[in-house]
Amino acid sequence: MNDLTPDSKERSTNLKGLGCSRKRVEDVRFVQGKGNYVDDIKLPGMLHGDFVRSPYAHARVISINKEAALALPGVVAVLTAEDLAPLGLHWMPTLAGDKQMVLADGKVLFQGQEVAYVVANDRYIAADAVELVEVEYEELPVLTDPFEALNSDVVLREDLEGQTEGAHGPRKHHNHIFTWEQGEEEATNQVLDSAEVVVTESMYYHRTHPCPLETCGAVASMDAVTGKLTLYGTFQAPHAIRTVVSLISGIEEHNIRVISPDIGGGFGNKVGAYSGYVCSVVASIVTGKPVKWVEDRIENLMTTAFARDYWMTGKIAATKEGKITGLHCQVTADHGGFDACADPTKFPAGFMNICTGSYDIPTAYLAVDGVYTNKAPGGVSYRCSFRVTEAVYFIERMIEVLAIELDMDAAELRRINFIKKEQFPYQSALGWEYDSGDYHRAWDKAMEAVGYQGLRKEQAERVEAFKRGETRKLMGIGLTHFTEIVGAGPVKNCDILGLGMFDSCEIRIHPTGSAIARLGTISQGQGHATTFAQILASEIGLPADSITIEEGDTDTAPYGLGTYGSRSTPVAGAATAMAGRKIRAKAQMIAAYLLEVHDDDVEFDVDRFAVKGAPERFKTMKEIAFAAYNQAIPGLEPGLEAVSYYDPPNMTYPFGAYVCVMDIDVDTGVTEIRRFYALDDCGTRINPMIIEGQVHGGLTEALAVALGQEIAYDEQGNVKTGTLMDFFLPTAWEVPNYETDHTVTPSPHHPIGAKGVGESPHVGGVPCFSNAVHDAFRAFGLRHTNMPHDHWRIWRTANELGLHG
Ligand code: MCN
Ligand code: CUM
């Protein structure tokens, strides 16, 4: 393309393409209450389902008596495992190669587990009937601690008894799921043994839950005449759901139409397959009527995909000057009653092996043990990028602990260990090839923006004033430099249930020069209708406002693996650009024909093809679109359409530098975030305003997790945080002002150089908030304390450090 002349610049601006802070087109509907969510779907004769759930975390189901429930007027059916068994649907496969009970089959393994499914004429009758189902339980010993589970005689998964091989290799114990190892154990141990400095730290990344505004739900409608099943639902991966439904139900895939309508936040919570989906389908087949199931808030918090619950022990080796020479990471992962994670098949602990972070660490070893306990199954959730959140928390805490050991500045320690710009593409010790990065530039920009040296000086003065008794507030400077890995993924190493993780885009240009593009992904609030049109606008020279983006209907959209792991931009975004380029290639031939020159004698200029050297001779893309439908062009088929199925050659590796300045009242444990600076590098930026929105949202969720939010269990396996009274959900009141910034280091392999961004702020935000809390107490000897850092725990930390007099 030519450099932009003033004229072409203006035309380019009019397209609202790449780099434009175009307003979100979907909001016109949302802000006027015109969204169409699952619960808005009302079909004629529709019935409603609701679950009888277990009050116990571990119990044998002795008997289920449906009589009273069935006698209630308006109740149509009560399904139990016994009813599903003849269809083979009382268990279902999980996305992690395990299987999971759809309805309790002889026993329950977590509180809130689905035991029976009641179908009634309306939602209220269904709920009343749930109360009337009599279930007799015999309580069994409860295991909520994974370490205890690995030593216990209690067998949680009796269905797997005697099986020494799981989906991911050998099982060491009846409550053990898998061991996953990466890197060189022996070499790492040698480095640790001979290192000048070694620090060891154990940390627990607590169980979290994303708590989307809209809970999970589905509407199943089986047409007995045509044999076609339509399934609406809160699915982050509608095509994968269609394939799974087909495989487990035996209904041919062309007879299944899965539709994800508007989704009110997914955050990973809506990746997995839930009993509610299966039971609604079965109920619709059995009753011949559409059946709706929508969870309430308590059900959502207690039973759907959680995240984290990682017990991590790290050892880091370094020279006295602070050059890191080795890293050892051992994880015990609590997966709950069933392994229902949604990581790519070959990665049972997700991309935890990105735990060497932004640092050039020559030798490393990672081992993860997955364990069953009496907790809800999971879990992929919460802007996690497949366990990258855990990995980044781990390494960013380890760096801080090493800085304490070496009595070094933590910013400087990072700087001397960063992978250097000229080392990219960088091969990490744990197996990844980082595509691009310029960490020093980002870091220096961040340090300068916050006035880092000045902050340290102020902090030191504060410590002195505190010691003199002049203040009761300490100051923490939280630092984080994260490296993300998103865009799963190359089909060669990433699949879910055998489905390669490519993605797709199909474009049709209409005669009058507007277009529709359909993708295999599905927006849940990320603004795809806005941003994917922008990618296309720049590729095909039609205004973004003239391009409709459609996702989520498997009857119309091309097959794709859906939206999670910040993969939409890296994978479907690439497919969009590639499909756009196919359109452009055909448009070039049409233009050349119309201009009566050779194909090679025209060139693309923003919104048109012009004759080289004679820019006044051109055909606009609008004219070309019309010609595609009204001229017989020798050698060319009519119409202007293209499709691309894109298999990315590599992941993309976004990164960022975050700083949090926090004041902590030592006597109350109350934290006040004075400043939060977030620099993100997600390569080429499609829509800066949407990126900023993603960053604000992800940081707020990071604040929640770091400072108070958790899914906690008592020893009997009762969920202690099943309502929003106990589960901390930050509001505008708790949320600070965020300062956002960026650098741009394009991905060398992505057609437009873009990397994902949706999960970055969460991945980087959690350790940054946590490091700020720790840093405030560094001068008083604190090395590590587990999240969430709520006021009470911070008060307790201060107390244990002897700061209360
Ligand atoms: N974007 C951009 N320029 C880039 C990268 C991204 O303008 N270089 C834009 C994209 O075009 C898209 C948005 O930012 O509109 C997010 O893109 P991407 O990083 O590709 O992530 P996905 O679209 O795949 O979204 C998934 C990601 C995940 S995994 C979680 S979890 C999460 C998140 O998005 N869930 C969300 N952000 C969310 N935001 C909302 N509102 N709701 C959720 O459920
Ligand atoms: Cu890991 S939460 Mo998102 O990948 O949908």
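The following questions and answers walk through a predicted model, taking its ligands, a helix, some loop residues and its unusual backbone angles in turn.

Student: Which residues come nearest to ligand 1, and what is the distance from an oxygen atom of ligand 1 to the side chain of threonine 569?

Tutor: There are 32 residues around ligand 1, and those that come nearest are Gly266, His528, Ser568, Thr569 and Val757. Nitrogen atoms of the ligand also have polar partners, since a backbone N or O atom of isoleucine 686 lies 3.1 Å from a nitrogen atom of ligand 1, and a polar side-chain atom of glutamine 694 lies 2.7 Å from a nitrogen atom of ligand 1. For threonine 569, the separation between an N or O atom of its side chain and an oxygen atom of ligand 1 is 2.6 Å.

Student: How is the shell around ligand 2 divided by class, and how far is a backbone N or O atom of glycine 565 from an oxygen atom of ligand 2?

Tutor: The shell of ligand 2 has five nonpolar, five polar and two charged residues, and Gln236, Gly268, Cys384, Gly565 and Glu759 come nearest among its twelve residues. An N or O atom in the side chain of glutamine 236 is 2.9 Å from an oxygen atom of ligand 2, while a polar backbone atom of glycine 268 is 3.1 Å from an oxygen atom of this ligand. For a backbone N or O atom of glycine 565, the distance to an oxygen atom of ligand 2 is 2.5 Å.

Student: Is asparagine 269 buried or exposed, and which residue has a side chain in polar contact with the side chain of asparagine 269?

Tutor: Asparagine 269 sits in the loop between strand 15 (256–259) and helix 9 (275–287), and because its relative accessibility is 0%, asparagine 269 counts as buried. A polar atom of its side chain lies 3.3 Å from the backbone oxygen of alanine 305. The side-chain to side-chain polar contact, at 3.4 Å, is with histidine 209.

Student: Which residues does phenylalanine 347 touch, leaving aside those up to four places away in sequence?

Tutor: Phenylalanine 347 belongs to the loop between strand 18 (324–334) and strand 19 (363–371), and because its relative accessible area is 8%, phenylalanine 347 is buried. Its C-alpha is 9.5 Å from that of aspartate 495, although the two residues are 148 residues apart in sequence. With residues up to four places away in sequence left out, phenylalanine 347 touches Trp180, Trp432, Asn493 and Cys494.

Student: How many residues has helix 14, and what distance does it reach from its first C-alpha to its last?

Tutor: Among the buried residues of helix 14 are Tyr452, Leu455, Arg456 and Gln459, and the elements against which its buried residues pack include helix 12 (410–417), helix 13 (439–450) and helix 19 (760–776). Just after the helix, glycine 469 takes a positive phi of about 80 degrees. Helix 14 itself covers residues 452–467, so numbered that it has 16 residues, and its reach, close to the expected 22 Å, is 23 Å.Student: What is the phi of valine 606, a residue other than glycine?

Tutor: Most residues other than glycine have a negative phi. Valine 606 is found in the loop between strand 28 (602–604) and strand 29 (608–611), and because its relative accessibility is 5%, valine 606 counts as buried. Its phi is positive, near 65 degrees.

Technical notes: Residues are numbered from 1 along each chain as its sequence is written. Chains are lettered from A and ligands numbered from 1 in the order in which they are written. This is a predicted model: local features need pLDDT of at least 70, side-chain atom pairs count only at pLDDT 80 or more; totals for chains, interfaces and linings use all residues. Side-chain values use heavy atoms; hydrogens and water are left out. A residue is near a molecule or strand if one of its heavy atoms lies within 4 Å of it. A polar contact is a pair of N or O atoms within 3.5 Å; within protein, one must be able to donate a hydrogen and the other to accept it, and residues adjacent in sequence count only if both atoms are side-chain atoms. Ala, Val, Leu, Ile, Met, Phe, Trp, Tyr, Cys and Pro count as nonpolar, Asp, Glu, Lys and Arg as charged, and the others, Gly among them, as polar. Helices (H or I, at least four residues) and strands (E, at least two) are DSSP runs, numbered from the N terminus. Buried means under 20% relative accessible area, exposed over 50%, partly exposed in between (1.4 Å probe, protein chains only). Contact means heavy atoms within 4.5 Å.
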